[in-house]
Amino acid sequence: MLAKTLTVCCLLALTVPTLAEVGWWRTAQFYQIYPRSFKDSDGNGVGDLNGITQQLAYLKEIGITATWLSPIFTSPMADFGYDVADFYQIDPLFGSMEDFDNLLARAKQLDIKIILDFVPNHSSDECDWFKRSAAGEAEYKDFYVWHTGKVVNGIRQPPTNWISVFRGSQWTWHEGRQAYYLHQFLAKQPDLNYRNPKVVEAMKDVLRFWLRKGVYGFRIDAVPHVFEIAADNNGNWPDEPRNEYVSDPLDYAYLNHIYTTNQPETIDLVYQFRTVLSDMDRELGGDDRVLLTEAYAPLDVLMQYYGNSTHNGSQIPFNFELLSNININSDAYHYSELLHNWLDNMPAGQVANWVLGNHDSSRIGSRLGADRIDATNMLLLTLPGISVNYQGEEIGMTDVWISWEDTVDPQACQSNQQEFERLTRDPVRTPFQWSDETQAGFTTGNVTWLPLADNYKLVNVKRERGIALSHLNVYKQLRALRDEPTLKQGDVTVNALGPNVLAFKRSLAGHKSYITVLNINDDVESVNLDSVFTELTSQLRYVVVNDKSVRRKNDLTYANSVLLLPKEAVVLSTV
């Protein structure tokens with residue numbers, strides 16, 4: 001039997017340590033809430049803080065440790081909150097500071113930690129800092145990146161050829177300042193200048209403010225974009241080279257972004273932010289605070305986010321290996337390779353995390369197939385370390401097609417009717433499906449900010465609670481299994497058993513072993529687990545099954561002959 005094998009010690013030691021010693025986050029379940037789409041409490045069709053507070057008990061039901069909220073700060077909403085006008089206030093669309101305090105209080109009652117989305121790369125152009133910078137006030141003059149441009153044949157042009165993530169030039173002319181300002185995203189999202197120490201300290205103060213309010217950390221947005229290459233002695237920057245595979249000169253991928261992403265100073269800034277959290281741990285006491293960093297970057301760069309011999313970094317540099325690289329045609333070898341990538345390269349003493357969905361990526365059921373939803377959740381919840389779940393993946397929500405006329409995502413709206421479907425993120429941000437009632441139980445109003453899924457009467461929390469092998473109930477079984485010592489502290493051995501079957505074994509001395517087996521394709525497979533795993537009992541017990549299985553929980557099978565139906569996914573244990 002062909003096999004790829006990996007054994008990794010899960011770094012939580014063979015003795016059973018207390019959570020205080022290892023950090024509550026090391027085996028935690030994180031859940032991303034997109035507030036606009038989670039629950040609307042006031043009938044205006046947009047989710048809000050009171051809606052989240054109302055539904056926190058649901059997070060407790062599915063075993064969530066901490067939830068991170070996409071931005072809730074004051075914003076003109078050009079990029080749905082990722083354009084922050086005031087880093088210290090709640091946007092009225094979501095509620096008030098009192099509503100946020102109530103959310104924190106309810107979360108504390110339920111022992112759920114609140115994590116905020118922190119956007120360091122840029123502010124809104126409606127931020128007071130930017131207005132003062134544009135006016136040339138001494139204190140704020142260099143808070144942003146400005147340049148007068150260059151004159152070619154008598155015509156003033158931007159200083160470089162850099163292209164925005166959202167298409168077109170990264171430079172916009174400001175008539176008042178008589179200069180161009182840099183924006184790696186929308187023109188309404190001017191980049192902060194992190195080569196100015198005052199900016200660094202101002203953003204650290206933002207972190208301190210919210211930590212003192214009672215949040216337990218931050219998901220840091222778009223980290224690779226925070227620094228650009230330093231200007232030369234004349235205050236100029238180089239053009240970025242062409243990507244010959246892309247012909248659209250307005251498309252972000254038209255250039256290779258070697259000067260505007262993943263600059264070495266970025267890593268040091270993450271370490272500085274971690275130091276702020278460590279200082280606040282000492283000031284505030286209690287459980288430690290965490291950084292979750294979003295970076296689509298080369299693997300060797302991501303591993304530096306964890307820290308080095310002298311500095312601690314992000315506890316959770318998001319692992320996008322599976323999210324970015326697995327597709328509907330991937331075989332078991334590909335899955336195994338991507339698991340190896342993270343586990344093989346992770347620095348000693350650190351913890352793996354697994355991310356398979358977010359508000360920027362097509363949903364699991366649409367990207368990989370609705371018949372692989374349970375298998376993907378088994379992967380997420382039985383691998384060692386930290387699971388990160390995007391709202392709705394646990395019930396099997398899928399992408400919703402949204403017409404050009406109804407599209408609101410700026411990434412798509414900046415394009416055209418021919419290109420928008422490739423760029424839009426609206427299909428993964430539609431309202432959460434709570435029930436089969438009007439508007440899926442999301443709102444009492446007559447409209448929703450994005451259209452609902454057509455299938456909400458079949459795919460919703462209320463209905464799935466009553467179906468034994470629904471996606472929701474399989475997810476809850478898997479979550480309960482994560483409390484077993486083997487799943488918390490055990491080693492992992494990963495195998496690709498031919499192209500169709502992925503299996504991995506979790507083991508811990510003195511405890512049962514658990515084997516997750518996924519048939520990712522449409523053939524019936526028979527596998528001999530004895531041939532690739534050691535120290536199995538001759539018989540194995542079914543612990544979790546999906547609806548593709550004819551087996552039931554507590555059935556037995558022989559380790560040397562496990563039959564798998566198409567797309568069947570199971571967790572077995574030794575007996």
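This is a short talk on the aromatic pairs, salt bridges, pockets and a few single residues of one predicted model.

Hi everyone, thanks for coming. The structure is up on the screen, and please keep in mind throughout that it is a predicted model.

Let me begin with the rings. How many aromatic pairs does a search of the whole structure find? The search gives 33. A pair of aromatic rings is described by the distance of the centres and the angle of the planes. Take Phe-73 and Trp-210 as an example: their ring centres are 5.3 Å apart and the planes make an angle of 45°, so this pair is tilted. In sequence terms, the two partners are 137 residues apart and the pair links distant parts of the chain. Phe-73 belongs to strand 4, residues 73–74, while Trp-210 belongs to helix 7, residues 197–213. Are these two rings buried or exposed? Phe-73 is buried, at 3% relative accessible area, and Trp-210 is buried too, at 0%.

There is also a group of rings to look for. Tyr-31, Phe-38, Tyr-58, Phe-432 and Trp-434 come together as one aromatic cluster.

While we are on rings, here are two charges that sit over them. Arg-36 lies over the face of Trp-449, 4.3 Å from the ring centre. For Lys-113, the charged end is placed over the ring of Tyr-216, at 5.0 Å from its centre.

Now for the salt bridges. Side chains of opposite charge can pair when their charged atoms come close. In this structure there are 32 salt bridges, and I picked three to walk through.

My opening example is Glu-139 with Lys-198, where the N to O distance is 3.3 Å. Glu-139 is in the loop between helix 6 (128–134) and strand 7 (146–147), and Lys-198 is in helix 7, so the bridge ties together parts that are 59 residues apart in sequence. Glu-139 is partly exposed, with a relative accessible area of 42%. Lys-198 also counts as partly exposed, at 42% relative accessibility.

Next come Arg-425 and Asp-409, whose side chains meet at 2.7 Å, N to O. Arg-425 sits in the loop between helix 15 (420–423) and helix 16 (461–465), whereas Asp-409 sits in the loop between strand 16 (386–390) and helix 14 (410–413), so the pair ties together parts 16 residues apart in sequence. Both of these residues, Arg-425 and Asp-409, are buried.

The last of my three is Asp-483 with Arg-479, at 3.1 Å from N to O. Here the two partners fall into separate classes: Asp-483 is partly exposed at 44%, but Arg-479 is buried at 14%. And which residues are joined into one network by salt bridges that share partners? They are Asp-79, Asp-360, Asp-409, Arg-425 and Arg-429, so you will recognise the buried pair from a moment ago, Arg-425 and Asp-409.

On to the empty space, which I suspect some of you were waiting for. The largest pocket holds about 860 Å³. It is lined by 32 residues, and the closest to its centre are Val-165, Phe-185, His-225, Tyr-296 and Gln-411. What classes make up that lining? There are 12 nonpolar, 10 polar and 10 charged residues.

As for enclosed space, the search of the whole structure turns up four cavities of 30 Å³ or more. I want to show you the second largest, with a volume of about 60 Å³. Its lining residues include Tyr-335, Leu-356, Arg-372, Thr-376 and Ile-520. Helix 13, residues 373–382, gives the largest share of this lining, three residues. By class, the lining has seven nonpolar residues, one polar and one charged.

To finish, some single residues. Asn-262 has a positive phi, near 55°, in a residue other than glycine. Asn-262 is in the loop between strand 12 (217–220) and helix 8 (264–284), and it is partly exposed at 27%. Glu-535 has a positive phi as well, near 60°. Glu-535 is in the loop between strand 20 (525–527) and strand 21 (539–545), and it is exposed, at 74%.

One more for the road: Ala-352, in the loop between helix 11 (332–345) and strand 15 (353–355). Ala-352 is buried, with a relative accessible area of 4%. Its C-alpha atom is 39 Å from that of Gln-418, and the two residues are 66 apart along the chain.

That is my tour. Thanks for listening!

Conventions. Residues numbered from 1 in each chain as written. Predicted model: local features only at pLDDT ≥ 70, side-chain atom pairs only at ≥ 80, totals over all residues. Heavy atoms only, no water. Phe/Tyr/Trp six-rings, centres within 6.5 Å; stacked < 30°, edge-to-face > 60°. Helix = DSSP H or I, 4+ residues; strand = E, 2+ residues; numbered from the N terminus. Buried < 20%, exposed > 50% of the residue type's maximum accessible area, 1.4 Å probe, protein only. Lys NZ or Arg CZ within 6 Å of the ring centre and 35° of its normal. 1 Å grid on protein atoms, 1.4 Å probe; cavity = no way out; pocket = protein on both sides within 12 Å on 5 of 7 lines; lining within 4 Å. Points joined across faces, edges and corners; volume = space filled by probe spheres on them. Nonpolar A, V, L, I, M, F, W, Y, C, P; charged D, E, K, R; others polar. Salt bridge = Lys/Arg side-chain N within 4 Å of Asp/Glu carboxyl O.
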